[in-house]
Amino acid sequence: MAKYQLLLPKMGESVAEATIIKWTKNPGDHIDADEAVMEIATDKVDSDVPSPVAGKLVEQLYKENDVVQVGSVIAIIETDEANSSEPVVPATTQPLEETAPTQLAAPIAETAEQPAAEAEIASIPGLDQLTKANAATEPTVFKSEGRFYSPLVRNIASQEGISTDELDKIPGSGSEGRLTKDDLLNYLQHKQKSAPAQKTEEPVQQQAPVTASAYTPPPVAAPVAQPVKGEEQQRPAASVSGADEVIEMDRMRRLIADHMVMSKQTSPHVTSFVEADVTNLVLWREKVKNSFEKREGEKITFTPIFIEAVVKAIKDFPMINITVNGTQIIKKAAINISMATALPSGNLIVPVIKKADELNLLGITKAVNDLANRARVGKLQPDDVKDGTFTITNVGSFGNVMGTPIINQPQVAILAVGAIRKKPAVIETKEGDMIAIRHMMFLSLSYDHRVVDGALGGSFVRRVADYLEQWDQNRAI
């Protein structure tokens, strides 16, 4: 019999840790090769961790909701193979082109139980800039050897200038004295209230500033259990005034809410609208959709057509494809289109079509269908939802004719495409103006007025409309 260490695999260049959402196998359960052992959440996306070997799960080294560093041993699996010193070929949770994959399993003799670090937060795909926004100072380096701090706690402490020594002195209400986000926020609030007031008239006795050793944290309510992937979204509810319900946000909804608020606080939003006549485009799609589906085995929707038009417009106006870093404007070389996708749970995820400018319409169509299908069944990889440079959201899929979308930070613009409606419109002909029934739609572009002025934003969305209106009905795909 041999025992193997199952390691938390590498899940993308920017992902250093993950939160265990749910163990799908318990000690004593048989595991087939490549079968999922647990479900994890990163700041990018939720995914499964498969076992590279078949055997029996002997020990779980971390609990649900624990935060685990990439490369850490998460479980012990007993196999029928003889002890060997050769490593097992790893299974990863990321695409094959990822370089230097982390080994998932290696034979061991016996492994002592390892302490587990509780999770402070679990993150949503695509929000990796949330805790980095508007950081004005260099981050503090935390090298405390005896106490665990979650990424969120470390980030807050860095932004507030809390040193490691001061952090170590703050009492924690978490498991085994762990410092939670609420502990740190309460400490900072108490510290600000206790700061000495500046008086210009008669001197008064100054109140001593609060220190970590003198601070007593308020009582903290018990944590709320979080829903996990694959389960029905059951939220705890309480009756108020006999009829109203109080519904606790799930993990993803809380992070979406935080991200939306942060975006509005970061970027002064302006929205420009253009109405486009897409009659030629609608007629073309109606003509080719059946033959395309028969040939390719998948449908062609309007989304890849909109993306192609956006990519062309970005090439014409590259300053829409930028990010802001303090006082610096970073013009992105790659055109990576994020597409907002609604999930069955009612939440939202934003997978990214990488280097969309290098794809033809067929390639964009296949990428859109692949990402949308995997998003709805929870099979996206962390790399699928990062590095977007411009976002498209289809509010028309819900019957809306226009919208004012919130920018997906750290991008500077987002395009909402409305529903296509038949309506009377004036068209110009050789015989003069005529009124005809046309397929019309609105395009709504929200942009960051710090770096995108009305001339650029308005010209860009007008150019997108031009490409859609000038669609060639004889185009082959």
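In the predicted model, strand 1 (residues 2-7) and strand 8 run antiparallel and are joined by six bridges. Within this pairing, Lys3 stands opposite Glu78 of strand 8. Strand 8 also pairs with strand 6 (residues 55-60), again in the antiparallel sense, over four bridges. Here Glu59 has Ile76 of strand 8 as its bridge partner. Strand 8 spans residues 73-79, and seven of its seven residues are buried, so the strand is largely enclosed by the rest of the structure. In a regular strand, side chains alternate between the two faces of the sheet.

Helix 6 (residues 303-316) and helix 7 form a helix-helix contact. Their axes come within 9 Å and cross at roughly 125 degrees. Helix 6 is therefore oblique to helix 7, since an angle between 115 and 145 degrees falls outside both the roughly perpendicular and the roughly antiparallel ranges. The crossing of helix 6 past helix 7 is right-handed. On the side of helix 6, the contact involves Thr303, Pro304, Ile305, Ile307 and Glu308, which meet Leu361, Ile364, Thr365 and Val368 of helix 7. By residue class, this contact of helix 6 with helix 7 comprises six nonpolar, two polar and one charged residue.

Backbone geometry was also examined in the loops. Asp34, although not a glycine, has a positive phi of about 70 degrees. Asp34 is located in the loop between strand 3 (30-31) and strand 4 (36-41). With a relative accessibility of 57%, Asp34 counts as exposed, because the cut-off for that class is over 50%.

Lys355 is likewise not a glycine and has a positive phi, of about 50 degrees. The loop that holds Lys355 lies between strand 18 (352-353) and helix 7 (361-376), the helix that is met by helix 6. The relative accessibility of Lys355 is 44%, so Lys355 counts as partly exposed; the range for this class runs from 20% to 50%.

A cis peptide bond is found from Gln409 to Pro410, with omega near 5 degrees. Pro410 is placed in the loop between strand 19 (390-394) and strand 20 (413-417).

Key. Residues are numbered from 1 along each chain as its sequence is written. This is a predicted model: local features need pLDDT of at least 70, side-chain atom pairs count only at pLDDT 80 or more; totals for chains, interfaces and linings use all residues. Side-chain values use heavy atoms; hydrogens and water are left out. Buried means under 20% relative accessible area, exposed over 50%, partly exposed in between (1.4 Å probe, protein chains only). Helices (H or I, at least four residues) and strands (E, at least two) are DSSP runs, numbered from the N terminus. Two strands pair if DSSP finds at least two bridges between them. Axes are lines fitted to C-alpha atoms, for helices over the stretch in contact, and angles run from 0 to 180 degrees between N-to-C directions. Angles under 35 degrees count as roughly parallel, over 145 as roughly antiparallel, 65 to 115 as roughly perpendicular and the rest as oblique. A crossing is left-handed if the near helix is turned anticlockwise from the far one by less than a right angle, and right-handed if clockwise. Contact means heavy atoms within 4.5 Å. Ala, Val, Leu, Ile, Met, Phe, Trp, Tyr, Cys and Pro count as nonpolar, Asp, Glu, Lys and Arg as charged, and the others, Gly among them, as polar.
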